[in-house]
Structures are given as structure tokens and as C-alpha cells.
Amino acid sequence: MSTLTLSKKTTIKTLNNIAACGLDVFGEESYTIDHDSENPDAIIVRSHNMYNMELDENIKAIARAGAGVNNIPVEDCTERGVVVFNTPGANANAVKEIVLTSLMALSRHIFSGVNWAKTLEGEGDRIPALVEKGKKQFIGKEIKGKTLGVIGLGSVGSLVANDALDLDMDVIGFDPFVSVNTAWNLSSNVQRAMTIEELFSRSDYITVHIPLTNDNNGMFNEEAFNMMKKGVHILNFSRGELVNEEDMAAALESGKVDKFVTDFPDENVLKMKNAIPLPHLGASTKESEENCAVMAARQVRDFLETGNIKNSVNFPNASLPYTGKRRVTAFHDNVPNMVGQLTSVLSDDSLNIADMVNRSRGDSAYTMIDIENKVEDTVIPDLEEKIRQIEGIVTVRII
Ligand SMILES: NC(=O)c1ccc[n+]([C@@H]2O[C@H](COP(=O)([O-])OP(=O)(O)OC[C@H]3O[C@@H](n4cnc5c(N)ncnc54)[C@H](O)[C@@H]3O)[C@@H](O)[C@H]2O)c1
Ligand SMILES: O=C(O)CC[C@@H](O)C(=O)O
């Protein structure tokens with residue numbers, strides 16, 4: 001349990017390279033950007049593994065400038081009342097473009113063709129003839145008319161599915177938790193697989209766009225490969241851990257899987273026959289890096305300055321128009337009478353409520369209360385302390 005107070009200059013720590021236009025969102029007057037800070041108010045991160053980091057008590061928010069939050073100890077953050085944000089959809093177009101690029105490049109043996117052509121250096125005038133003779137090794141397949149299976153129809157998967165239709169592919173999608181928003185954006189020509197087994201058995205190409213969880217770790221394994229067509233192509237731009245590497249190596253070796261494009265190389269992947277490793281390039285475009293950085297920074301700034309929460313992965317989203325009145329924000333257990341106890345503390349101090357919001361998510365809840373009366377800075381610590389004494393309160397901040 002801790003009390004949160006926003007100091008005069010708020011410190012934002014960055015892990016990884018965060019686009020400058022995102023950091024500009026904070027402005028120099030009230031914020032310091034410090035890559036080395038040990039007690040920042042908030043952190044903006046991309047893929048840096050935060051599991052081994054000591055998280056200082058002062059941290060109020062962590063924003064992932066990207067989609068996947070498997071590098072952030074989200075459960076621990078929830079227990080400590082640290083809000084974790086991500087930036088849904090901000091890099092989806094970049095990933096869609098690299099998926100479609102890879103799909104065509106692997107079908108036309110672009111990667112191996114380029115590597116082979118480079119071996120001809122020094123052959124001089126013989127090169128044109130060698131090219132014409134050698135090119136038969138790289139006869140490809142067109143993707144038109146082939147079936148693409150898309151696992152996960154969220155921000156990335158839905159874009160890939162829709163655009164693959166425009167490339168004249170048959171598209172089959174599997175997502176048991178698809179959001180209403182996505183469903184609206186998805187072409188009705190994307191066929192719905194009722195089970196993942198159906199998608200595995202029908203697809204010539206499979207691309208996966210789901211968050212890594214304990215439940216899907218290693219889901220591309222021998223059992224899954226056995227259900228697939230011989231010569232299937234698999235693309236993984238989600239997370240390396242979704243693939244059982246031993247089983248993938250065997251499937252590539254036997255030809256069950258023809259090619260495997262992955263954005264997550266490691267020693268095992270680099271040894272695999274017919275694996276095409278990319279250096280985690282999915283979101284690496286100027287546009288995507290800027291979109292993610294700006295969105296992450298805006299969400300963090302809004303939270304620090306108004307308490308409003310948008311796109312959190314561990315706390316309920318909650319928003320109340322900010323009028324400049326004193327605002328009490330509290331993270332607390334999702335148990336009965338928390339709001340009653342909070343309002344009692346305020347009424348004991350003769351403070352009148354102007355507006356209020358209370359939202360819950362699982363075992364946690366978040367309450368924001370705007371106070372009608374003028375509240376001097378000097379009484380804030382005492383008021384915070386009284387609220388902190390309520391059982392079930394995790395963090396309190398009076399803005
Ligand atoms: N390579 C990169 O640079 C890069 C960039 C962006 C995202 N990613 C990865 O891709 C993932 C997806 O990104 P997104 O922006 O589309 O996320 P998203 O949250 O918008 O979509 C994920 C979708 O997966 C669905 N889903 C979850 N579990 C599923 C399961 N077991 N089977 C089928 N569907 C399931 C969800 O219902 C949701 O619709 C991210 O979590 C991240 O790990 C990688
Ligand atoms: O930051 C990146 O370059 C990768 C981001 C990506 O893995 C994500 O999950 O959004």
C-alpha cells in the first residue's frame with residue numbers, strides 16, 4: 001500500500017528507443033525524460049524485459065509503446081496499483097504490411113533467390129546465362145486462390161485477413177474472443193473457422209496474431225503440425241514462444257512445414273532448415289514507432305494529470321471530464337462499500353462531491369471523485385492518509 005503524489009517535475013523513464021515525437025508530448029516545463037532514473041513516475045517501454053527490474057515505489061504507470069505486454073510483470077503491477085497501458089492498433093498496419101510482404105516473398109523464394117544471385121559475384125559476362133539456368137531452383141507458387149488461415153482477428157489479424165482477400169486468397173479466420181469492433185471491420189468474405197483444428201487442416205498458409213499467454217505457449221507443436229497440410233507455410237509475427245522449436249525443426253526437416261517465417265530468431269531458429277528469421281521488424285517503421293510513442297505518451301500524461309485511464313491492460317478504463325477541481329483517485333479491491341467508505345472520509349471533512357466514477361475489472365476497482373469545495377494543498381497529505389487507512393485501498397492520489 002502506498003500513497004501517490006505527483007511531484008512538481010514528473011520523471012518519465014524510457015526503456016528502448018522511443019520516438020522523439022512521443023516524448024515531446026510531455027513538454028519540458030513539467031516533465032523530465034530520464035533514461036537512467038531510478039525512481040521515475042512512469043516508464044515507457046517497448047520490448048525490454050522488465051521482469052528482472054526492481055520497480056520503484058514511485059512508479060504510477062507503465063506504457064508499452066506497442067501491443068504485446070508479455071515483457072511487463074503485469075500481475076505484480078496490478079497488486080501494487082501500477083497501471084499498465086498498451087497502444088492497441090498503433091502498429092497494426094506496419095505488421096500487416098510485413099506479413100503480406102513475407103507471404104509473397106516466401107512463395108516466390110525471394111529470400112533464397114537473392115542469396116543465390118549474390119553468389120554469382122565475380123562470374124562476369126557469364127552471369128546472365130547462369131541466372132537463366134539457375135532460376136529453375138526458385139520456381140514459386142502464386143498466392144492467388146490459396147487458403148490463408150489467420151489465427152487472431154484483432155488489430156493485426158483483421159487487417160491481414162481483409163487485405164489477403166484483395167490479393168485473391170481464400171481467407172479463413174479463427175478467434176473465439178473476437179471483439180465487436182473487429183467483427184464490424186472484418187469482411188464478410190473472411191470465413192469463420194469454428195475450431196483451430198479446422199483452420200489448421202484447411203490452410204496453405206497460416207499466420208498467427210495473438211498475445212502470448214500461458215495457455216498458448218508452444219501451441220505450434222507436433223500435434224498441431226499433424227493436422228496441417230503437407231507443405232504448409234507458417235508465419236509468426238506474434239511471439240517466438242508460441243512455437244515449440246523442437247517440433248518445428250522436425251516439421252521443417254520432414255517437409256511437413258515448407259517454410260517458417262519468424263520475427264523472433266534465436267539459436268534454435270537459426271539452425272532450422274527453411275526458417276526465414278527476421279530481426280523483430282514487425283513494428284519497425286517510422287510511422288508505427290511514432291504512432292505507438294505518441295499514443296503511449298498521451299495515455300500516460302492523461303493518467304498522471306487527470307487520473308483518466310484509457311487502454312490499460314490491468315485496470316478498468318475510466319474517464320471523467322477534467323474540470324480542474326480537486327480529484328481523488330483510488331485503486332482498491334473490488335469489494336462492497338469501498339465507494340461508501342471513500343465518500344464518508346470526504347463528508348467527515350465537509351467535502352462535497354461534484355462528480356464521480358467507479359469502474360471494476362476482476363478483483364480490482366478504480367474510483368475517481370471530484371470535490372466541489374476548494375481544497376488547499378496543505379490538507380492533501382492528511383486527506384490521503386485517511387483514505388489510505390481504509391482497508392482494501394491499494395493506492396491513493398489526489399490531483
Ligand atoms: N512482430 C511485431 O513487431 C509485433 C507487432 C505488433 C504485435 N505483435 C504481436 O502480435 C500480437 C497481436 O497483436 P494485435 O495488435 O493484433 O493484438 P490484438 O489484441 O488487437 O488482437 C489479438 C487477437 O487475438 C485474439 N486471441 C487471443 N487468444 C487467441 C487464441 N488462443 N486463438 C485465437 N485468437 C485469439 C483476441 O481475441 C484478439 O482479437 C501482440 O500481442 C504481439 O504479441 C508483434
Ligand atoms: O517495439 C517493437 O519494435 C515491437 C513491438 C511488438 O512486438 C508489439 O508487441 O507491439
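**View 1. The surroundings of ligand 2.** Arg46, Ser47, Gly66, Ala67, Gly68, Asn91, Gly282, Ala283 and Ser284 are the residues around ligand 2, where a residue is near a molecule or strand if its C-beta atom, placed from the backbone, lies within 6 Å of it. By class, this shell around ligand 2 holds 2 nonpolar, 6 polar and 1 charged residues, with Ala, Val, Leu, Ile, Met, Phe, Trp, Tyr, Cys and Pro counted as nonpolar, Asp, Glu, Lys and Arg as charged, and the others, Gly among them, as polar. The model is predicted, and local features need pLDDT of at least 70, side-chain atom pairs count only at pLDDT 80 or more, while totals for chains, interfaces and linings use all residues. Residues are numbered from 1 along each chain as its sequence is written, and chains are lettered from A and ligands numbered from 1 in the order in which they are written.

**View 2. The surroundings of ligand 1.** There are 32 residues around ligand 1, and of these Gly68, Gly152, Gly154, Phe177 and Gly282 come nearest. The elements that give two or more residues to this shell are α3 (92-107) and α6 (155-166), and α6 gives the most, with 3 residues; helices (H or I, at least four residues) and strands (E, at least two) are DSSP runs, numbered from the N terminus. The shell around ligand 1 divides into 15 nonpolar, 14 polar and 3 charged residues.

**View 3. Ligand 1 and the domains.** The domain assignment, which is automatic or from a database, gives domain 1 (1-91 + 285-314), domain 2 (92-105 + 142-277) and domain 3 (316-399). Ligand 1 lies between domain 1 and domain 2, because both give residues to the shell around it. The C-alpha centres of domain 2 and domain 3 are 46 Å apart.

**View 4. Strand β4 and its partners.** In strand β4 (residues 42-45), Ala42 and Ile44 on one side and Ile43 and Val45 on the other are all buried, so that both faces are covered (buried: 20 or more other C-beta atoms within 10 Å of a residue's own, C-beta atoms being placed from the backbone). Strand β2 (residues 10-14) runs parallel to β4 and is joined to it by 3 bridges, with lysine 13 opposite isoleucine 43; strands pair if DSSP finds at least two bridges between them. Strand β5 (residues 61-64) also pairs with β4 in the parallel sense, over 4 bridges, and here isoleucine 44 stands opposite alanine 63.

**View 5. Residues 327-399.** An unreviewed UniProt entry lists residues 327-399 as "domain: ACT", an annotation that may be inferred rather than shown by experiment. The span is 27% helix and 41% strand, and its end C-alpha atoms lie 5 Å apart.

Definitions and conventions: Buried ≥ 20, exposed ≤ 12 C-beta atoms within 10 Å, placed from the backbone.
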